[in-house]
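Colleague: Hi! I have this model open and would like to walk through it with you. Could you take a look with me?

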Amino acid sequence: MDQVSTDVIQGTLDMLILKTLSLQPLHGFGIGRRIEQVSRGVFKVNPGSLLTALQRLERGGFLDAEWQETENARRARVYSLTRAGRKRLDDETADWQRRTGAVARLLRAEV
């Protein structure tokens with residue numbers, strides 16, 4: 001494999017955002033940077049995809065957002081989890097663990 005993908009696995013961006021925000025409220029740029037840092041560069045989030053996901057999660061009642069001034073005197077929309085967001089994170093985490101466990105069992109399978 002010559003070129004390594006840094007795309008977030010399809011269908012996991014919402015879970016990664018929810019997990020990141022379960023640790024502390026952050027603005028969009030901070031969320032993307034945190035995902036990249038914690039994944040040790042394995043995942044880089046496209047800013048357009050991140051914004052779309054944040055808007056979808058906010059409309060769904062999973063995130064709260066408010067404008068705040070950042071450490072470098074810029075205004076940014078800071079996101080935090082709602083109670084519904086914590087529940088969704090729990091549900092998505094359980095589903096992810098079930099699925100990755102199934103894949104791991106399949107990869108270990110022998111004839």
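Colleague: Let's start with Thr82: is it buried or exposed?

Modeller: This is a predicted model, and in it Thr82 counts as buried, because its relative accessibility is 14% and the cut-off for buried is under 20%.

Colleague: Where does Thr82 sit in the chain?

Modeller: Thr82 is in the loop between S3 and H4.

Colleague: And what does Thr82 touch, leaving aside neighbours within four places in sequence?

Modeller: Thr82 is in contact with Gly61, Phe62, Leu63 and Asp64. With Gly61 there is also a short polar distance to look at: a polar atom of the Thr82 side chain lies 2.6 Å from the backbone oxygen of Gly61.

Colleague: Nice. Can we zoom out? What's the secondary structure of the protein chain?

Modeller: The chain has four helices and three strands. Going along the sequence, the pattern is α-β-α-α-β-β-α.

Colleague: How many residues are there, and what share of them is buried?

Modeller: There are 111 residues in the protein chain, and 32% of them are buried. The C-alpha atoms fill a box of roughly 60 × 35 × 20 Å along the principal axes.

Colleague: What about contacts between residues at least 6 apart in sequence: what share joins residues at least 24 apart?

Modeller: That share is 54%.

Colleague: On to H1, then. Which of its residues are buried?

Modeller: Leu13, Asp14, Met15, Ile17, Leu18, Thr20, Leu21 and Ser22. That is eight of its eleven residues, so H1 is mostly covered.

Colleague: What do those buried residues pack against?

Modeller: They pack against strand S1 (26–27), H2, H3, strand S2 (63–69), S3 and helix H4 (83–108).

Colleague: Let's take H3 from that list. How do H1 and H3 cross?

Modeller: The axes of H1 (residues 13–23) and H3 (residues 47–59) come within 10 Å and cross at roughly 75°. The two helices are therefore roughly perpendicular to each other.

Colleague: Which residues make that contact?

Modeller: From H1 you have Leu13, Asp14, Ile17 and Leu18, and they meet Ser49, Leu50, Ala53, Leu54, Arg56 and Leu57 of H3. By type, the residues of this contact divide into seven nonpolar, one polar and two charged.

Colleague: Now the largest nonpolar core. Which of its residues touch the most other members?

Modeller: The core has 20 residues, and those touching the most other members are Ile17, Leu18, Leu21, Ile31, Leu54 and Leu63. Two or more residues each come from H1, helix H2 (28–38), H3 and strand S3 (75–81). H1 gives the most, with five residues.

Colleague: Any general background for that?

Modeller: In soluble globular proteins, nonpolar side chains tend to be buried together.

Colleague: Pick out Leu21 for me. What is it in contact with, beyond four places in sequence?

Modeller: Leu21 is in contact with Leu26, Ile31, Leu63, Tyr79 and Leu81.

Colleague: And Ser22, right next door: what does its side chain reach?

Modeller: The Ser22 side chain reaches the backbone oxygen of Lys19 at 2.6 Å. Ser22 lies in helix H1, and, not counting residues up to four places away in sequence, Ser22 touches Leu81, Arg86 and Leu89.

Colleague: One more from H1: what does Leu16 touch outside its sequence neighbourhood?

Modeller: Leu16, which lies in H1, touches Val8, Ile35 and Phe43, not counting residues up to four places away in sequence. Leu16 and Ile31 are 15 residues apart in sequence, and their C-alpha atoms are 9.1 Å apart in space.

Colleague: Changing topic to backbone angles. What is the phi of Arg40?

Modeller: Arg40 has a positive phi of about 55° although it is not a glycine. As background, most residues other than glycine have a negative phi. Arg40 sits in the loop between H2 and H3 and is exposed, with a relative accessible area of 78%.

Colleague: And what about the phi of Ala73?

Modeller: Ala73 has a positive phi too, of about 60°, and it is not a glycine. You'll find Ala73 in the loop between S2 and S3.

Colleague: Is Ala73 buried or exposed?

Modeller: Ala73 counts as exposed because its relative accessibility is 57%, and the cut-off for exposed is over 50%.

Terms used
Residues are numbered from 1 along each chain as its sequence is written. This is a predicted model: local features need pLDDT of at least 70, side-chain atom pairs count only at pLDDT 80 or more; totals for chains, interfaces and linings use all residues. Side-chain values use heavy atoms; hydrogens and water are left out. Axes are lines fitted to C-alpha atoms, for helices over the stretch in contact, and angles run from 0 to 180 degrees between N-to-C directions. Angles under 35 degrees count as roughly parallel, over 145 as roughly antiparallel, 65 to 115 as roughly perpendicular and the rest as oblique. Contact means heavy atoms within 4.5 Å. Ala, Val, Leu, Ile, Met, Phe, Trp, Tyr, Cys and Pro count as nonpolar, Asp, Glu, Lys and Arg as charged, and the others, Gly among them, as polar. A nonpolar core is a set of buried Ala, Val, Leu, Ile, Met, Phe, Trp, Tyr and Cys residues joined through side-chain atoms within 4.5 Å. Buried means under 20% relative accessible area, exposed over 50%, partly exposed in between (1.4 Å probe, protein chains only). A polar contact is a pair of N or O atoms within 3.5 Å; within protein, one must be able to donate a hydrogen and the other to accept it, and residues adjacent in sequence count only if both atoms are side-chain atoms.
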